[in-house]
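Subject: Structure handover

Hello,

Here is the structure you asked to look at. Please open it alongside this message and follow the notes below.

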Amino acid sequence: MAVHTSNVEPLPHQITAVYESMLPRQPLRFVLADDPGAGKTIMAGLYIREMLSRRLLRRVLIASPAGLVSNWEREMRTLFSLPFRI
C-alpha cells in the first residue's frame with residue numbers, strides 16, 4: 001500500500017528491506033543504518049506509511065545527525081505526507 005500512496009519510486013533493495021525484512025518482524029525496534037545514498041529515508045518512510053495504513057503504529061522516533069534533521073523532516077512531509085515535530 002505504501003508504495004502506491006507515496007511520492008517515490010523505490011528501488012528493488014528498498015522494497016525487499018521493507019516488505020521482507022522489516023514488516024514481518026513485529027514489534028520492530030529497528031536501527032536503520034546504511035551507506036550514504038542507500039535510501040534510508042525512503043525505506044523508513046515506506047515502513048512508517050505501511051504501518052500507519054495497517055493501524056499498527058502509534059509513535060515514531062527518528063534520530064538523525066543534526067545537519068540532516070531538516071532534510072529528513074522535509075522529505076517525510078513531501079514524499080510520504082508524514083508530518084513530524086522537531
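In which helix is Glu50 found? Glu50 is found in helix 3. Before going further, please keep in mind that this is a predicted model. The mean pLDDT of the protein chain is 87, and 100% of its residues reach 70 or more. Among the elements of the chain, helix 4 has the highest mean pLDDT, 92, while helix 1 (residues 2–5) has the lowest, 82.

Glu50 and its partner

Is Glu50 buried or exposed? Glu50 has a relative accessible area of 5%, and buried means under 20%, so Glu50 counts as buried. Leaving aside neighbours within four places in sequence, Glu50 is in contact with Met1, Ala2, Tyr19 and Leu23.

Glu50 also forms a salt bridge with Arg54. The closest N and O atoms of this pair are 3.1 Å apart. Arg54 is partly exposed, at a relative accessible area of 42%, whereas Glu50 is buried. As background, side chains of opposite charge can pair when their charged atoms come close.

How many salt bridges does the structure hold? The structure holds two. The other pair is in helix 4, which comes next.

Helix 4

Helix 4 covers residues 69–80, twelve residues in all. At 1.5 Å a residue, helix 4 should span 16 Å. The C-alpha atoms at its ends are 16 Å apart, which agrees with that expectation.

Which residues of helix 4 are buried? They are Trp72, Glu73, Met76 and Phe80. Seen down the axis of helix 4, these buried residues fall within an arc of 100°, so they line one face of the helix. A general rule is useful here: an α-helix has 3.6 residues a turn, so residues three or four places apart point the same way. The buried residues of helix 4 pack against helix 3 (40–53).

Glu73 has a second role in these notes, as it forms a salt bridge with Arg77. The closest N and O atoms are 3.2 Å apart. Both residues lie in helix 4, four residues apart, or about one turn of the helix. Arg77 is partly exposed, with a relative accessible area of 41%, while Glu73 is among the buried residues of helix 4.

Phe80 is another of the buried residues of helix 4. Not counting residues up to four places away in sequence, the list for Phe80 should read as contacts with residues including Ser6, Val8, Thr41, Ile42, Gly45, Leu46 and Arg49.

The nonpolar core

The largest nonpolar core has 17 residues. Those with the most contacts inside this core are Val18, Leu46, Tyr47, Met76 and Phe80. Which elements give two or more residues to this core? They are helix 2 (12–22), helix 3 and helix 4. The largest share, six residues, comes from helix 3. In general, nonpolar side chains in soluble globular proteins tend to be buried together.

Loops and backbone

Between helix 2 and helix 3 there is a loop that holds Pro27. The peptide bond from Gln26 to Pro27 is cis, with omega near 0°. Asp34 is found in this loop too, between helix 2 and helix 3. Asp34 is partly exposed, with a relative accessible area of 42%. Not counting residues up to four places away in sequence, Asp34 touches Lys40 and Met43.

Where is Arg55 found? Arg55 is found in the loop between helix 3 and helix 4. Phi of Arg55 is near 60°, a positive value in a residue other than glycine. Arg55 is exposed, with a relative accessible area of 77%.

Ser81 lies in the segment after helix 4. Ser81 has a positive phi of about 55°, although it is not a glycine. With a relative accessible area of 54%, Ser81 is exposed.

If you look at one place to start, take helix 4: its buried residues pack against helix 3, and the salt bridge between Arg77 and Glu73 can be found there as well.

Regards

Definitions and conventions
Residues are numbered from 1 along each chain as its sequence is written. This is a predicted model: local features need pLDDT of at least 70, side-chain atom pairs count only at pLDDT 80 or more; totals for chains, interfaces and linings use all residues. Side-chain values use heavy atoms; hydrogens and water are left out. The expected span of a helix is 1.5 Å times one less than its number of residues. Buried means under 20% relative accessible area, exposed over 50%, partly exposed in between (1.4 Å probe, protein chains only). The arc is that of the directions from the helix axis to the C-beta atoms. Contact means heavy atoms within 4.5 Å. A salt bridge is a side-chain nitrogen of Lys or Arg within 4 Å of a carboxyl oxygen of Asp or Glu. A nonpolar core is a set of buried Ala, Val, Leu, Ile, Met, Phe, Trp, Tyr and Cys residues joined through side-chain atoms within 4.5 Å. pLDDT is the predictor's confidence in each residue, from 0 to 100.
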